[in-house]
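Trainee: Could you take me through one part of this model slowly, and tell me what is found there? I would like one connected account rather than a list.

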Amino acid sequence: MSDEPAAPTLALAQARARMLAGVMPIAERETLPLMQALGRVLAEPVTAQVDVPGHTNSAMDGFALRSADARGETSRLRLIGDSFAGHPFAGPVGPGECVRIMTGGVLPEGADAVVMQERTRREGDDVIVERPVDPGNSIRPAGEDLTRGQPVLDAGRRITPADMGMLASGGAAQVSVFRRPRVAFYSTGDELRPVGTPLKPGQIYDSNRYSLHALLSELGVELLDLGVVPDDPTALKTTLRRAAGECDAVVTSGGVSVGEADHVLDVLESVGDVGFWKVAMKPGKPLAFGRVDDALFFGLPGNPVSVVVTFLQLVRPALVRLAGSWPRPPLRMPARLAAPIRRNPGRLEFQRGRLAHDEAGATVAPLGHQGSGVLRSMSEADCFIVLPADCAELAAGDRVSVEPFAQPVWNGSADDWCEKE
Ligand code: AMP
Ligand code: MG
């Protein structure tokens, strides 16, 4: 018989929805020069100050002309000047005339098309156009990208590298963004020692704080590292109060189960409120979510793989919301298993896998040992293989659902780049 206290186990989707509903996004804002705004969340919509492009201009190096003059198979036009990017042609283009124009050069008055250089030849001061040219050919109309006064990006948008360029093109010298969330994190456990110190029997290095530091850093939040806290209710209480007092959210690992040394939940109950405590997922079933005063609390399990999986599945979306944006629902896609999977049905499971593709589409290889203490498989993975609760044995070639969680840019190998026959 287990003396586990009765607490409902929530389905992952339900847990995620409850968490998001319980998050009050940061309201304070600050104004930043655009150059400092990458990765920040817009607090106000940005509208374009100017049309982009500001003038109808050429998409090619060639000649600006009146298309009515170039209807025939070949046409002869008189060259009357240049329009280069930043140096427009002053006058109009009259009938039978053309202007040499470079990409980005303003389309001169009177002209309604550009013919690319490769379709022409020069004869003295004349240009011979060697094919008919349609109105609007090879030009970029003013305002094609942005029009003045029109919204460029909405509030709640996290600024990406491409957004930076788009905001600059629309004339946004500074932007109003939300204050970055401040997040405290610490590890709990009597067995934990900081790296760089010798280990006594039974002790292990505190690795979770490193994983959490990295996961939080990637989100762009401000961090408060509170180190390792022993399995002692008084110390845990003091640290939690301090963390919640100084930060908008607190993330811990360990001590959240029902063992003799697991005090995190009791401590949360005594200084704050428990929202929920168990989520039907593997790894990561014991997981406490709650609140201490105005701070969100996430008590993650101690197993190193569980920390990463629960962070990505639950904490990250909640922190995205806290930062003033909305998380995107995880992108799931089909893939064929490259090797069989054996498992006991019962809980929704996130196995670690590595994606590839062949002629028939995406394939996924489950990675070695899937124990929740085995970080190697997590480290090699670029996706989760999402196995529904009732799924048991799977054969190689079976279709599964995968959730990529890493941009597959880094950590390839030289073999990937050998020229294939
Ligand atoms: P717990 O959830 O506290 O029962 O811990 C579960 C397992 O994770 C135990 O084997 C712990 O030793 C291990 N563990 C807990 N915290 C950490 C940590 N910060 N770094 C590495 N392993 C940990
Ligand atoms: Mg522990």
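Mentor: Let us begin with residues 184-321, over which the chain of this predicted model is 38% helix and 32% strand, while the end C-alpha atoms are 17 Å apart. In an unreviewed UniProt entry, residues 184-321 carry the annotation "domain: MoaB/Mog". In the division of the chain into domains, domain 1 is made of 12-27 together with 180-329, and the chain also has domain 2 (30-50 + 152-178), domain 3 (57-140) and domain 4 (333-404).

Next, consider empty space: the structure holds 1 cavity of 30 Å³ or more, and the volume of the largest cavity is about 40 Å³. Its lining is formed by Tyr 186, Thr 188, Leu 236, Leu 240, Thr 252, Val 264, Val 267 and Phe 297, and these lining residues divide into 6 nonpolar and 2 polar, with no charged residue among them. If you trace the lining back to the elements of the chain, strand E14 (182-188), helix H4 (233-246) and helix H5 (264-271) each contribute at least two residues.

Finally, turn to ligand 1, which has 14 residues around it, and of these Glu 191, Asp 206, Ser 207, Gly 255 and Gly 302 come nearest. Looking at the backbone, you can find a polar atom of Gly 255 at 2.8 Å from an oxygen atom of ligand 1, and a backbone N or O atom of Gly 302 at 3.0 Å from an oxygen atom of ligand 1. A nitrogen atom of ligand 1, in turn, is 3.3 Å from a polar backbone atom of Asn 208.

Conventions. Residues numbered from 1 in each chain as written. Chains lettered and ligands numbered in written order. Predicted model: local features only at pLDDT ≥ 70, side-chain atom pairs only at ≥ 80, totals over all residues. Heavy atoms only, no water. Domains from an automatic or database assignment. 1 Å grid on protein atoms, 1.4 Å probe; cavity = no way out; pocket = protein on both sides within 12 Å on 5 of 7 lines; lining within 4 Å. Points joined across faces, edges and corners; volume = space filled by probe spheres on them. Helix = DSSP H or I, 4+ residues; strand = E, 2+ residues; numbered from the N terminus. Nonpolar A, V, L, I, M, F, W, Y, C, P; charged D, E, K, R; others polar. UniProt positions renumbered as here; feature names shortened; annotations may be inferred. Near = heavy atom within 4 Å. Polar contact = N/O pair within 3.5 Å; in protein donor to acceptor, adjacent residues only side chain to side chain.
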